Amino acid sequence: MHQCDICKLVYGRRDHLLRHQKIKHNEFQYNCDICSYGCNKKSMLIRHFENTHNVMSSTIKKNKSRIVCAICKFSFKWYNDLYSHMSSEHNMTVTIEHFTFDGENRFKDWKQKIEKETRSRYVRSSGQRKISNGSKIRKEFFCHRSFVPVVKTEGRKRAMKSLGTNKISVACPSRMCVEIKGTEVNVDFIRLHLGHKCEVTRMVLSNDERACIAGKLRQGVPVDRIMQDIRSTSNPDPEKFDRIHYTEKKDVRNIQRDFKLGYHTMKFHEDDEVSVDILVHTLLEKEDTVILHYNKSDSLFHLIIMTPFQKEILKTLGHHNRICIDGTHGMNAKKPKIQLFTLLVIDEYGNGVPVSFFFSNKEDTTSMLLFFEKVKEAVGLQIRADVFMSDDAPQFYNAWEQVMGAPQHHLLCWWHVNKNWTANLNSKIKNKEKRELVKKSLYVLATDIENEDEFEVNLQIFLNELQEDEDTWMFYTYFCTTYIKKKKCWAFCYRKHTGLNTNMHLENLHKKIKYIYLDGKICIRLDKAIHKLFDLMRDVMFERIIKIAKNKPTEKIRRIRDGHLKSLKIEDCYVSQDSENQCIWFVASLKDPSHMYKVENLKKVCIENLCPLQCRTCNVCVHTYQCSCIDSRVYLNICKHIHKIGAGRANISPIENEYRNEFSPIAMQGENEIIQTINLLEPVKITEHTISKSRQELISKLQVMLGYAQSTLEDHIPNTLKYLDKALSYMKNPNKKLVEKENLNPLKKIIQQRVQYSEKKIIKMNVKCSQKKSIKKRDIPLLPKPSENEIVMCRDILNGNKRTSYVHTGLDHTYFQNE
């Protein structure tokens, strides 16, 4: 039984009780928000609002109309109803201004002027529509602050705007109603803004302003200079700032994206993996392709690049020359990391020229074998190198030896060896005095001993000393296991006149790629890294042309000139000739006259005087003279001692100062080299404009899609046919795991690369380290060069002198105690 709470009537059914309460006691399910009207049907209340009040209740038709009053939140079906409501209910006058323009361009100029004056923006939320049997076109522009924001909160990756959304969830009454008939444009404009402030920071850059910035970017004007020009024209009063004065670098990057400038012309697809596929397949279609090998699977990625210019350089300069290889990280954000390995050759000017690039997520011998095999196939011959330098990883040399044959010298980068020694010395020798002594002795053993037999004797004495001491026994075990078998790879006495000490040619090249071509920012996408390598090789070709055509001095030539100036300070009394061999001279050191440097004439003549590394005044060349000093013995420079001997030889007249004339052999060879290089200047850079419009782009994308077609589900095929750009993403194997990427900020600067410090910088850093102990350990130089007294002390120890040495860690004095 069901009883009424008011009149106590009892009903057998509940619905009968509810009907009684609604009829007898006026309890309605729906009530009017304006008057006392009530009803039990939703449709009746809607009809009441429309007929009686000419409005729609937001509680009844929620989300059905977006024209909501900014004051009382009532919603309306038409803007005219809103204007009538504002006049009748809120006593606000809405003025409609009428304008007529001769053409749409004049209307657009006027609209842009109004937006600047009112600090607002008028946008369309729908397309244009035809009225009056198609004779007129109607467009409506609303205030950009109107209506409800459409924001996806679930799964949103970007953070919300710091100012919040531009939408105010109500309708601003300001709008433009445009009717176009032929060339005549009629505009009804409502200027009144309501429900928000007209803030310049809520606006966007105008199309003209964006086009102006894009024009500067296309001309190569740096972003910092663009920002400087914008801010130099600003008004001192911040209240009079225009939107252009609030421009940030983010706005400039958005303009680059929208106008497809810079990197955005290189991106063929939002998915980096697909974009690389399109790029590689486009390059493979070329007759003389730069792609030697491309292999991509779930766990493997191999991409070998070699341009025609690089092939010619390797053919010309690779034989009996110096070859370097090294890898670098930070070229993309994929997991596992894809590294860039660069093969480099030293040219006749002493500069490094990259001859091939290898992207791989593997750093094993198998991958390196593949790399060198493909390079060998591309060049068509076996490269017989005199010197091969790499880091401490054995897979580089092992693979090169199997493919190209063993070089005369296998050298390890001294910087890497130095770093490994220092790290193990610090961890394995706890006694600070003994650790410092071993550091000095090891440095002298590796760098200061010139004779190979003397090195072998001193090495054995050094090992015996380490073995007999309990404090140094752990380092002795590590040193014997790791470096004794490779002593010819790190000892300076075995790398005489090779011209290589560290892998700084490659270190500088990789630093140039990261800090100049990639602007010092973290590179997330691989397609961007590939395009930057093409830009690098284009610049390398032009630099070589300029170097040959203008005889531009390189770092090696500058050192030759500096050596010539230093030789003028050496007096003749410091020079003596060997009585038995007329081709040998001895030059005394200016600091220690008892120490003599041996200069030898190799009785060689450079073919047709084409060697660029020579001193025309002294008539000497890097290939005709050798000196026992480290500048010539290790770095293969023309030292001041060689300059002195060459300038003092009276029986050989110096070559005339006209170094390059029109008919000289070096000029003729330079012209031939320039012609050959210019012929190879075909652009390698691939953009959307180089592909023959839509047909070639369609073919390239279809070729990539074929790779995924075998594993594509039938349900995905209709989507691929309907949306071609999205097809490549749909056609991927759904069971295949997506490529993991690090959550990296593309604007974040990369970590500063380690550098090899000069002696002057080492001294400064040692002073700073003694004054400030908060300097990081990795910033402290590795195995600093000992002083003259410490070198003498270390050599006495290595020669078997049984004096016990205590090295003061401050390096300001040394104590000896005879046993």
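Which residues in H13 meet which residues in H14? I shall begin with that contact and then turn to two groups of strands. Please bear in mind throughout that this is a predicted model.

On the H13 side, the residues are Val438, Ser441, Leu442 and Leu445, and they meet Phe455, Asn458, Leu459, Phe462 and Leu466 in H14. Sorted by class, this contact comprises 7 nonpolar and 2 polar residues, with no charged ones. Helix H13 covers residues 432-447 and helix H14 covers residues 452-468; the two pack at an angle of about 165°, and their axes lie 11 Å apart. Because angles over 145 degrees count as roughly antiparallel, H13 is roughly antiparallel to H14. The crossing of H13 and H14 is left-handed.

Let me move to strand S10, residues 136-143. Of its 8 residues, 6 are buried, so the strand is largely enclosed by the rest of the structure. What does S10 pair with? Strand S8, residues 122-123, pairs with S10 in the antiparallel sense over 2 bridges, and here Val123 has Phe142 in S10 as its bridge partner. Strand S9, residues 129-131, is antiparallel to S10 and joined to it by 3 bridges; Ile131 has Lys136 of S10 as its bridge partner. S9 and S10 also form a hairpin, with 4 residues between them, and in the turn Ser132 has a positive phi of about 55°. Strand S11, residues 175-181, is likewise antiparallel to S10, with 6 bridges joining the two. In that pairing, Ile137 stands opposite Ile180 in S11. As a general reminder, strands of a sheet pair through backbone hydrogen bonds, either parallel or antiparallel.

My last topic is a sheet later in the chain numbering. How many strands form this open sheet, and in what order? There are 4, arranged S21-S22-S23-S26 with antiparallel pairing. Its edge strands are S21, residues 575-577, and S26, residues 625-627, each of which pairs on one side only. On average, neighbouring strands of the sheet are turned by 25° against each other, direction ignored. Strand S23, residues 596-601, pairs with S26 in the antiparallel sense over 3 bridges, and Asn601 has Tyr625 in S26 as its bridge partner. Helix H21, residues 640-648, packs on this sheet and touches S21, S22, S23 and S26. The direction of H21 makes about 135° with that of S26.

Thank you for your attention.

Technical notes: Residues are numbered from 1 along each chain as its sequence is written. This is a predicted model: local features need pLDDT of at least 70, side-chain atom pairs count only at pLDDT 80 or more; totals for chains, interfaces and linings use all residues. Side-chain values use heavy atoms; hydrogens and water are left out. Two strands pair if DSSP finds at least two bridges between them. Axes are lines fitted to C-alpha atoms, for helices over the stretch in contact, and angles run from 0 to 180 degrees between N-to-C directions. Contact means heavy atoms within 4.5 Å. Buried means under 20% relative accessible area, exposed over 50%, partly exposed in between (1.4 Å probe, protein chains only). Angles under 35 degrees count as roughly parallel, over 145 as roughly antiparallel, 65 to 115 as roughly perpendicular and the rest as oblique. A crossing is left-handed if the near helix is turned anticlockwise from the far one by less than a right angle, and right-handed if clockwise. Ala, Val, Leu, Ile, Met, Phe, Trp, Tyr, Cys and Pro count as nonpolar, Asp, Glu, Lys and Arg as charged, and the others, Gly among them, as polar.
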